[in-house]
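These are my notes from going through one model. I started at the ligand and then worked along the chain.

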Amino acid sequence: MKNNRINCAQCPFDMPDRLCKREDGKAPASCPTKNKPQLIEKCREAFQDPDILEFARQASIQEGEGYGFKELGYNHVRPIKPRIEEVIEFARKMKYNRLGLVFCVGLRKEAAVVEKIFSSKGFDVVSVICKVGRLPKEEIAVRDDQKISIGQFESMCNPILQALILNDEKTELNVLMGLCVGHDSLFLKYAEAPCTVLAVKDRMLGHNPLAAVYNIDSYYRYLK
Ligand code: SF4
C-alpha cells in the first residue's frame, strides 16, 4: 500500500488469512484490527445499550439466515432470499410495525409495488415521494439552466422534508428506494428512525450501479 492510510479495500491477503477473520491472521501495517484497540473497545461499549445490542444481534441473525445449505459446509452455502424479503424479516424480528418508505419519483411504479408488498405483510406503511412539498429548485439557488426541464417550474427533490414527515409519523424503520446521490445523504442525516436501503438509483444501469464495476475492463474502462 502506498501510505499508511487505512485501506481494507486493498488488503493484500486472502480473506480467510486476514487478521479480521482469524486471531493469528495476517495484516498490513495500516490494519485497523491491529491498530485500533481503543475503538474496538468503544464499539463493545455501544453494545451495552440493550437496544443497540438487540439491533446488532437481529441484523447478524438475519445475515446468517440469508444462506442455505450451511450444514454442508462453507463451500456449499448459497443465498436463499432477496433483499426485500430480508427487510420484511428484519422488521418482524425487531417487532417494528410502522415502516417509512421514501422513494424517488422515477421509481414510483416500483414504490407502489413495494408499498403493497409491505402492507400485505401486515405493516403500517407511510410512503413519501421525493417531490413532496413542491418547493421550487430556485429556493436552493439552482439556476434555470441547471434544471431538467429548462424554462419550466421544477419541484426540488426534498429529502429533508421526507425525513421530517417520517419523523413526525413516528416510523420505526425507514426504507430508501432510489433516492439520488446526495439526496440520500440528506435523508439519512435528518431521519430519526433507523434506515435501510432497498434500492439505490442508477438511471443508466437499471438501478444496479455495480454493472459499471463488473464491466470495468470493457465498457467502463474509462473509469479506471
Ligand atoms: S482489517 Fe486488517 S486484515 Fe482485515 S481487511 Fe482490513 S487491513 Fe486487512
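**Ligand shell**

I looked up the surroundings of the ligand first and found Cys8, Cys11, Arg18, Leu19, Cys20, Ala27, Pro28, Cys31, Pro32 and Thr33 around it. I sorted this shell by residue class and got eight nonpolar residues, one polar and one charged. I note here that the model is predicted.

**Overall layout**

I went through the secondary structure of the protein next and have eight helices and six strands. In sequence order I wrote down α-α-α-β-β-α-β-α-β-α-β-α-β-α. For the extent of the protein I took the box of the C-alpha atoms along the principal axes, which is roughly 60 × 45 × 35 Å. I checked burial over the 224 residues of the protein, and 17% of them are buried. I also looked at the contacts with a separation of 6 or more, and 52% of these join residues 24 or more positions apart.

**Domains**

The domain assignment that I consulted gives domain 1 as 31–80 and domain 2 as 82–224. I have their C-alpha centres 26 Å apart. Where the two domains touch, I list six residues from domain 1 and six residues from domain 2. On the domain 1 side of this contact I find three nonpolar residues, three polar and no charged.

**Helix H3**

Does the length of helix H3 fit, or what span should its 15 residues have? I took 1.5 Å a residue for residues 50–64, which gives 21 Å, and the end C-alpha atoms are 21 Å apart, so the two agree. I then looked for buried residues among the 15 in H3 and counted zero, so I entered the helix as hardly covered.

**Nonpolar core**

Which members of the largest nonpolar core touch the most others? The core has 27 residues, and I noted Leu101, Val102, Phe103, Val175 and Met177 as the answer. I then asked which elements supply two or more residues to this core, and the list is H4, E3, helix H5 (108–120), H6, strand E5 (173–177) and strand E6 (195–199). As background, nonpolar side chains tend to be buried together in soluble globular proteins.

I followed Phe103 further and left out its neighbours within four places in sequence. Its remaining contacts are Arg108, Ala111, Ser127, Ile129, Cys130, Met177 and Gly178.

**Loop residues**

I looked for positive phi values outside glycine and noted Lys95, with phi near 60 degrees. Lys95 is in the loop between helix H4 (83–93) and strand E3 (98–103). I counted 9 C-beta neighbours inside 10 Å of Lys95, so I have this residue as exposed.

Ala141 is not a glycine either, and its phi is positive at about 60 degrees. I placed Ala141 in the loop between strand E4 (124–129) and helix H6 (159–168). Is Ala141 buried or exposed? I found 7 other C-beta atoms within 10 Å, so Ala141 is exposed.

Ile140 is also in the loop between E4 and H6. Its count is 10 C-beta neighbours inside 10 Å, so I entered Ile140 as exposed. I last checked Ile140 against Met156, which is 16 residues away in sequence, and the C-alpha to C-alpha distance is 8.4 Å.

Terms used: Residues numbered from 1 in each chain as written. Predicted model: local features only at pLDDT ≥ 70, side-chain atom pairs only at ≥ 80, totals over all residues. Near = placed C-beta within 6 Å. Nonpolar A, V, L, I, M, F, W, Y, C, P; charged D, E, K, R; others polar. Helix = DSSP H or I, 4+ residues; strand = E, 2+ residues; numbered from the N terminus. Buried ≥ 20, exposed ≤ 12 C-beta atoms within 10 Å, placed from the backbone. Contact = placed C-beta atoms within 7 Å. Domains from an automatic or database assignment. Expected span 1.5 Å × (residues − 1). Core = buried A, V, L, I, M, F, W, Y, C linked by C-beta atoms within 7 Å.
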